[in-house]
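Let's take a walk through this structure together, one piece at a time. Have a look at the picture, and then read on.

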Protein chains: 2
Amino acid sequence: MPVNLVATPAAELFAVPGVRWGITEAGVRKAHRKDLAVMLLDEGSAVGAVFTQNRFCAAPVQVCREHLAQGFGVRAMVINTGNANAGTGEDGLVRARSTCIALARLLELAPEQVLPFSTGVIMEPLPSDRIAAGLPQALDAALEDNWANAAQAIMTTDTVPKAFSRRVVLGGHTVTVTGISKGAGMIRPNMATMLGFLATDACIAPALMADLAHDLAEASFNRVTVDGDTSTNDSFVVVATHKAGHAPITAWDSADGQALKAALMEVSRLLAQAIVRDGEGATKFITVRVEGGKSGAECRQVAYAIAHSPLVKTAFFASDPNLGRILAAVGYAGIADLDQSRIDLYLDDVLVAQQGGRYPGYAEADGARVMQQSEITVRVLLGRGQASDTVWTCDFSYDYVKINADYRS
Amino acid sequence: MPVNLVATPAAELFAVPGVRWGITEAGVRKAHRKDLAVMLLDEGSAVGAVFTQNRFCAAPVQVCREHLAQGFGVRAMVINTGNANAGTGEDGLVRARSTCIALARLLELAPEQVLPFSTGVIMEPLPSDRIAAGLPQALDAALEDNWANAAQAIMTTDTVPKAFSRRVVLGGHTVTVTGISKGAGMIRPNMATMLGFLATDACIAPALMADLAHDLAEASFNRVTVDGDTSTNDSFVVVATHKAGHAPITAWDSADGQALKAALMEVSRLLAQAIVRDGEGATKFITVRVEGGKSGAECRQVAYAIAHSPLVKTAFFASDPNLGRILAAVGYAGIADLDQSRIDLYLDDVLVAQQGGRYPGYAEADGARVMQQSEITVRVLLGRGQASDTVWTCDFSYDYVKINADYRS
């Protein structure tokens, strides 16, 4: 059961002028599943993207990087579920490229104007012939008002489609921001989530797009973790179709720039948090906030040590305020000169530990009360400096083991 | 169910002349449990020890370090289960010291000649009064031939007591090496295991003891992991009582030195591996061997990424040869210039991936056959250099979640 996450109603997902989605069943791994999606961009769109830092990155990630480096201007993306085309060596690259060639031919584009994305089982050959065979049908079905179906089509172990929209008014023109994401396991993005696609009809200077994708991912997808396993296929793409008619954004410090970036950031963060809320087996949504560090990096180091600890995560699942496990994780996070006698720990508003020891006024009943909630904030004060950072994660349940033990059966 | 681990019969555990163990029920956390053990060393014994690298180290670890630094010569150790005396701040230090003072008074020693050890729940006050009250009874019960009971007394979530003995003949004198350990969860030792005590009646120059403890831990306890959670209380102590009558060992490169060190190493490794075999919820014992690295450190980095991946561990639990998950872990292990096209992966003798892709001759049935075994070796060839290293771990099952969700109830 996802934690406080329901699918956004289709009526609340706004089409982005200049973007169409076509979806079909290609039989990539199983029959009768919508497993192939094509995202079509009107001419003049600008694209920025970030990808996994996993050195064993999947073939489509390698091809995306190659194609973006060419700079021809991206006009289409082809996304399949059921097969990640990762751990597939040279043959995997050939298959990823052949998918782009097939779609480019149908659209009369250069293959370098197509980006490929795959998600699913690792180390099995991509059935690129079946994908190519499904493309004409996907193109026939392409619509602007199709984001809800697209969110559905890119799901794997997700239980809820993840899609959000926001609107802002820039110089009298209404601008839309809509995005979708997928992911539930193998989630510890290190650039972006498993797959995330964000589009706006705003006019953003193309030169800003790469940094924009980086900045958005850094404050959203790069701050969530389910199980600490960085995927081979993480990809996050931001599209601006330049259809909205307002004056182009050439820097982010104008009022319009700030309003647009806030909307883009909000949708990115909702998409990233939705992945944690739908984390495999998740029953709780945990915000881990670390303050008083010497740098943001060391705050993240501590936050991830807590967020990845199987002992901390099973205690949250059990609603057991066994909070010494959190202190233990702080202690092994790798800060060599950490002074335990300066550390305070809060669970929501409850002060649990002060100066490294149990706070005398802490009553187990108060900890137990917070642990029952479905949304919990862990706050650690390091007492070393002024930096802080936040990571979002979920608990660790029987169902995580079940889902991942049964994944391929 | 532990993996291929049964308790060593008491008759195969040899007493170490100069070492006595006294055990009693002190009611630290629960009644009617042997939860207090005292290890008594004859005068002239030499001691070396290593402790957790967790910055949130427990009070007894801090007191051990202080007492060892004084150099008075250790004569006794006091070990309790049920309470880790960790995350207890200044009050925890007072209570750990008071336990040493109580035992020192009974034995007419200086408090600095006593080392304290605690294991159990974190962040609750140590009932040092009940421990002190139990000490006379523990001393009355002290015997040389008591290792099997000592192994039993230091267990927490362990299901099997962990104790091993070996004998070697040095210059015509039979020398005994006997050790015990405990630990099943919160196991990612970063100096030593939760608790390990190794003793020999050999004569070893006291100047060698600290390095000996480090070397033994480095090749045994520091190469195992259950859940990646480094404990606050890890402690490993090596004792040499100098009773055996052979010529003292002053360096390890003599024939006698080599024979003794091999026996010490064998018992250390058996104790460390026993912790993994009895890992919480473990159903499989996994050896992760990484070869062809530029350094031992990067081989360990890759081995631990595999050994800590919840996805890899649940696949082993399910006997599912979902081996792409291992490649993904290799990829995110943090080697920045890793070239995936040079990587080979074996499961026991089965070549699964070659040059970063699925080996054409690999049949899923072969992978499935190995995955059914209770003992499996994962071998990764990085193709970067000549270094190698090995880490031992276990799988990740429903029972791990159950044990840790229910731990305090």
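When we speak of domains here, their bounds come from an automatic or database domain assignment. For chain A, that assignment gives domain 1 (10–277) and domain 2 (285–405). The C-alpha centres of domain 1 of chain A and domain 2 of chain A lie 33 Å apart. Their contact takes 10 residues from domain 1 of chain A and 11 residues from domain 2 of chain A, where two residues are in contact if their C-beta atoms, placed from the backbone, lie within 7 Å. On the domain 1 side, the touching residues are 3 nonpolar, 5 polar and 2 charged. In that sorting, Ala, Val, Leu, Ile, Met, Phe, Trp, Tyr, Cys and Pro count as nonpolar, Asp, Glu, Lys and Arg as charged, and the others, Gly among them, as polar.

A quick word on what you are looking at: this is a predicted model, in which local features need pLDDT of at least 70 and side-chain atom pairs count only at pLDDT 80 or more, while totals for chains, interfaces and linings use all residues. Residues are numbered from 1 along each chain as its sequence is written, and chains are lettered from A and ligands numbered from 1 in the order in which they are written.

Now for a sheet in chain A. Helices (H or I, at least four residues) and strands (E, at least two) are DSSP runs, numbered from the N terminus, and two strands pair if DSSP finds at least two bridges between them. With that in hand, you can find 4 strands of chain A forming an open sheet in the order 1-2-4-5, with mixed pairing. At its edges sit strand 1 (19–24) and strand 5 (114–118) of chain A, each pairing on one side only. Neighbouring strands of this sheet are turned by 15° against each other on average, direction ignored. For such angles, axes are lines fitted to C-alpha atoms, for helices over the stretch in contact, and angles run from 0 to 180 degrees between N-to-C directions.

How do strand 1 and strand 2 of chain A run relative to each other, parallel or antiparallel? They run antiparallel, and 6 bridges join strand 1 to strand 2 (residues 36–41) of chain A. You can spot A:T24 standing opposite A:L36 in strand 2 of chain A. Helix 2 (residues 89–107) of chain A packs on the sheet, touching strand 2, strand 4 (76–80) and strand 5 of chain A, and its direction makes about 135° with that of strand 5 of chain A.

Over at strand 5, the partner is strand 4 of chain A: the two run parallel, joined by 5 bridges. Here A:M77 stands opposite A:L115 in strand 5 of chain A. In a regular strand the side chains alternate between the two faces of the sheet. In strand 5 of chain A, A:V114, A:P116 and A:S118 point one way and A:L115 and A:F117 the other way, and all are buried. A residue is buried if 20 or more other C-beta atoms lie within 10 Å of its own, exposed if 12 or fewer, and partly exposed in between, with C-beta atoms placed from the backbone. Since 5 of the 5 residues of strand 5 of chain A are buried, the strand is largely enclosed by the rest of the structure.

Follow the chain onwards and you meet A:M123, in the loop between strand 5 and helix 3 (128–140) of chain A. A:M123 has a positive phi of about 75° although it is not a glycine, and it counts as buried because it has 27 C-beta neighbours inside 10 Å.

Finally, the two chains. A rotation of 180° with 0.0 Å of shift along its axis superposes chain A on chain B, with an RMSD of 0.0 Å; the fit is by least squares on the C-alpha atoms of residues with pLDDT of at least 70 in both. The two copies are therefore related as by a two-fold rotation axis. Of the residues of chain A, A:Y398 comes closest to that axis, at 2.7 Å (C-alpha). The same surface serves both copies, as 98% of the contact residues of chain A recur in chain B.

In all, 57 residues of chain A are in contact with 57 residues of chain B. Helix 9 (324–331) is one of the elements of chain A that supply at least two residues to this side, and helix 9 of chain A gives the most, with 7 residues.
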